[in-house]
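Thanks for making time this morning. I would like to walk through some charged contacts and one hairpin, and I will give the criteria as we go.

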Amino acid sequence: MSTVVAQPHFMFGLRSGVTNNVCFCDEQTVVFPSGNNCVCYNNVQKNQKFIPGSDRSRGMTALAISANRRYLAVSECGDRATITVFDLQHEQGRKRKVLTAGDVQVQEFGCMAFSPDSKYLIGQTSGPDWVLIFWLWEKHKVLAMVTTTTSNNPITQVSFNPYNNMQLCVSGSGVFKPFRYAEGTLRQSSFPKVESVNFLCHTWVTEERVIAGTDTGRLLVFESGDLRREISLSSEVMQEVTDRQLEMKKVKDPVEGDSSAPRVTAILAFSRGFMCSMGPGTVYLFEKTKEDSYRKIKDILIPAELCGNEMNPTEYQEIHSMCISPAQETLVISTDGGQMYAVSLSSVEKSKVAAEKEEQLHFEFLSQSFHSKSITGLSICIRKPLIATSSLDRSVRIWNYETKELELYKEFQEEAHSVALHPTGLFMLVGFSDKLRLMNLLIDDIRTFKEFTVRSCRECAFSHGGHMFAAVSGNVIHIYSTTSFENILNLKGHNGKVRGIEWSQDDSRLVSCGMDGAVYEWNTWTGKRESECVLNSCSYTGVAFSSDYKTIVAVGTDLTLKEIQDCQVLREVPADDVAHNAVTTSRTGRVVFTGTSSGTIRAVKYPLPMQKDWIMYQAHCAPVTKMAITFDEQFLLTVSEDGCLLMSKIVDKEGRGLKTNKQIIHTEEILVTKSDLEEKNQNMMELKMRLEELQMENEYQLRLKDITYNEKIKELSDKFSQQIKDLEAAQQALKTEMEKQEREHHDRSAQVTENHSKEVTDLETSYSQKLIVEHERFIDLQQKCQRIQENYEERLKDAAESKSRALEELTELYETKLRDKTEILAQCQEEAKQKTCEFKETIKQMEENEKRTIHDIQTKYEQKLNAEKETNLSLKGQTDIMAQKFYSLQRQIDDRGADINKLKQERQRLLGLIRSMESDIEDLKRKISGLERTNQDKDKTIASLKKKNMELEKLKFVLDFQLNELKNKIEPQQDDISEMKERIQQLEEELVNLDKSNTHLKLSVSDLKLKLRTREKEMHKEMQKMKDLETQLQRLKSDLHDCVGVIQEPKKLKECVKMIHARYVQQTDVVLKSSVEEEIQEAFCRQREHLEKTVTSLKTRLEKSAEEHEKTYVKIMKENVTLITEINELRKELRSVRSQAKEYKAQLIVSKKSRQSRPSSEEGPKKEPSHEEAT
């Protein structure tokens, strides 16, 4: 196992296909899916934490965050879909629970939601079942399940009522269903008729009110589950939305574009109302009014980008999800273009005032803009900490891996297939479908300054010295000089497309790999091959030099990692189920990193092991396209088809970074064009002039203000001095009053102290007398208490003697009563036996009578039924005859129909009678059962009498127990012991039976597990066979595509066909072909002759077309010469015009200065120069 690993450090990208893909974890942290991770991004500290997805998942489908912002639920699709709940308060996002749908087979959860108290979770599965599952997630318990819709009406959103845990809402295409959880089931609480409305989103505004948005731009208000009204937008707003929608349609699809209805794709409630996305790139804020309605207060737009493309305007992106921070300070949105924007809601209040000045509020990027489609190219340079990426979204972006920011980006008219940075970081190669362009990286732009005719360049790379670069076109590698732009060499040898190239350290060698299964090492001075290694069974996808540049590491479709040296495979890491797509090696020679088709990154120690030994991390959710290691060995960079760029920190097992001998110094110089510099200098001069003018004006204004303020200060000082004098006089008067009040207070306090001392002495004398009286009363009460105690003791003795006498008398009485009652019991038992015999005889007689009556009734009704059946048959025959004579005797049929209806009514009446009789029979049966119950009750009374008898016997035993205590104690204890022994024996027998059943069940479970394992192994084998067949098919298709490219050259075509035949037709096929009949061979010969004839005719056509092409080429060259001369003349004229314009500008500035310096008596110092004059 490798001792060096790559830990995720920072990720650029957003997965746009995930439902609710932006959530606030706290006021500064946003959670979003990127690759196969959930990223917690702190917007203030600019750092990220990663919550990894499961290894076997096919990607995330939805996110949900709890109301207390502690738990994050992530749903992942696969053979069995799961929902994982993470604890965000834990440093590493600890996994709390993994929820499944139980016995229901679910492949994907489309949307989820937490309850307001974060105890419950709901998940909506996708088609074809569309089941809503209600969990008590902390106990992993499914509380309820309900089917919400059919396959024709998909669900788009589910949510809990934020004021009620048991109430939730489901919306979708033609679906709006409020549910309530009660008694273990989810029941629909109302049934609004909305079959024709396609709901895209909804939000709870109050406890009973829900606002839902549709695909036609309607905002519908539901209260208690019923549709109440629609929020009407002003005609101006609707016009703006439809205009933006039409512009977006024209850009995206200029042919179509009649359906211009805006879509409400996201809606969110907040404290003052709600906000919704209405149309492309627009969010409208609605505020609640006093009349319980809503009015639009502001619209926020996604701004147009300066470096944007007309084909993909950013302002026309569709908003997919919105979230608001816990303090409702910031709003974050995500779009279908994979971008995240934010806006401060506190600025909305400020913008209300600014709205009067017609200032528009715009979103800003949360961090920076990302790629929205598959990333096709990746490159780094040595002199700057820059990363260049190209993508199918028609953009090229330059990232800084030290500051973790986007430095530059530019969008083009066509897709960029490859990218390469010059070692200095000042130039860049970008491969397009028609040309290869060399570009300058300026301070704020990327500009093309040279184009090369290299079509569909999928791979390009600068040499380490930067003086050469290699570009791939199909199966040819072109080497150009960076200084002279000449084509130095064309390396031809690959039969298939070249998929990877890399330069050696001294730029004397170049290694390449291709789809034809060849790895070639070229000499870049002579253009000859130095070594080659060809495996027809493998199509190589990535190649790299080892750290010492002596061996080559390559990966391909045969799922293995190979080390090649001197035309031979030295080592080979065995394959597993996943193919390697890209490879890179560290310059320290300790580790090799590979990227797979499933999005995983593998770290394999170097030298390569002979067995499967690597550390794996699921980084992306799509195949890794390119990967590279920075020159300082700090970061591993990987890009994928999911549009994400991942920076992983390379560390050893102790968490330390790799040490390198090379010291890399990053430079800070940048390129600026002369015209830009001149413009900036001109602007600076103008701004300096403007500054000087403003300083003069400010100084003059300050002098005027000083004069006015000095006058005001004098006035105020006079006022305040007068007030001070008045206050001093008032203070003198208050002092005299205070002295008078102090004297009066002193006199009063002296009188009060004298009065208080007198009262205290009086109270002391009175209370001392009362204490003496109370003490005497206490002594008298003590004496009375002693007398009462003596009396009570004498009474207690008398009571004890009387009780003992009464007990003796009672025992004698109860003994006599017991004897009498035993005699009465014997008589009662004899009477009960006689009554039971009599009751049994009466029951028998009643049963016989009832059976006879039931039999008579059955016979009667059977006769009636038979008669009715016969009448029904006759009526059916008559109806058949009447049906035949329908056209002739329609009136008679109507009459007979009336008769038939009457007969049917009679039949129904008779059937009713039968049913009533049957009910009578059931009543009789009930009576019989009632009689049986009465018998049972009597039996119970007999049993109760027996119990009473037993109780009386027990009383007798109790009385005997008083005479001889020891005998009666032993007997009931022995009875209890015997009963307990019997119970224990019964329980032991039950235990034995349970053990037997458990062993049987365990055996059956083990058998089933073995069957399952064998089935899974068979499935894996079949899947492997399918993958092998698919790879062979893809190779055959690529080879056939190459053959089609050589169809005009018969010899090469013949060689290609032979090569395909030799590669894909096995020896068994040759043996079978030898036994083919002669007729098939003759048909083959005919087809061959026909093809040869067509080839000769095509040759003649080709010669003719070549002659015509030469003629047209000469004409075009002549026209080009004339055009070039005209262009040169125009350039000269342009230069002269620009020089004249500069002279005129200088004259204008001089004239303006002279005008301003002239002293004008009419215009005083109060007049300020306008903004237009200054500029």
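Let me begin with the criterion for a salt bridge, which is a side-chain nitrogen of Lys or Arg within 4 Å of a carboxyl oxygen of Asp or Glu. What you see is a predicted model, in which local features need pLDDT of at least 70 and side-chain atom pairs count only at pLDDT 80 or more, while totals for chains, interfaces and linings use all residues. Residues are numbered from 1 along each chain as its sequence is written, and side-chain values use heavy atoms, with hydrogens and water left out.

Searching the whole structure by that criterion gives 30 salt bridges, and I will take three pairs among them. Arg-602 and Asp-576 form one, with their closest N and O atoms 2.6 Å apart. This pair links distant parts of the chain, since Arg-602 belongs to strand S53 (residues 600-605), whereas Asp-576 sits in the loop between strand S50 (568-573) and strand S51 (580-585), 26 residues apart; strands here are DSSP runs of E with at least two residues, and helices are runs of H or I with at least four, both numbered from the N terminus.

How exposed are the partners? I call a residue buried under 20% relative accessible area, exposed over 50%, and partly exposed in between, using a 1.4 Å probe and protein chains only. Arg-602 is buried, at 1%, while Asp-576 is partly exposed, at 21%.

In the second pair, Asp-558 bridges to Lys-562 with the closest N and O atoms 2.1 Å apart; Asp-558 is partly exposed at 22%, and Lys-562 is buried at 1%. The third pair joins the side chains of Arg-295 and Glu-287 at 3.2 Å, N to O, and there the Arg-295 side is partly exposed, with 44% relative accessible area, whereas Glu-287 is buried, with 15%. Beyond pairs, salt bridges also link Arg-209, Glu-223, Arg-229, Lys-288 and Asp-292 into a network.

Turning to the hairpin, strands S16 (residues 175-182) and S17 (residues 185-188) pair in the antiparallel sense over 4 bridges, where pairing requires that DSSP finds at least two bridges between the strands. Phe-179 stands opposite Gln-188 in S17. Which residue in the turn has a positive phi? Between the two strands lie 2 residues, and Glu-183 in that turn has a positive phi of about 55 degrees.
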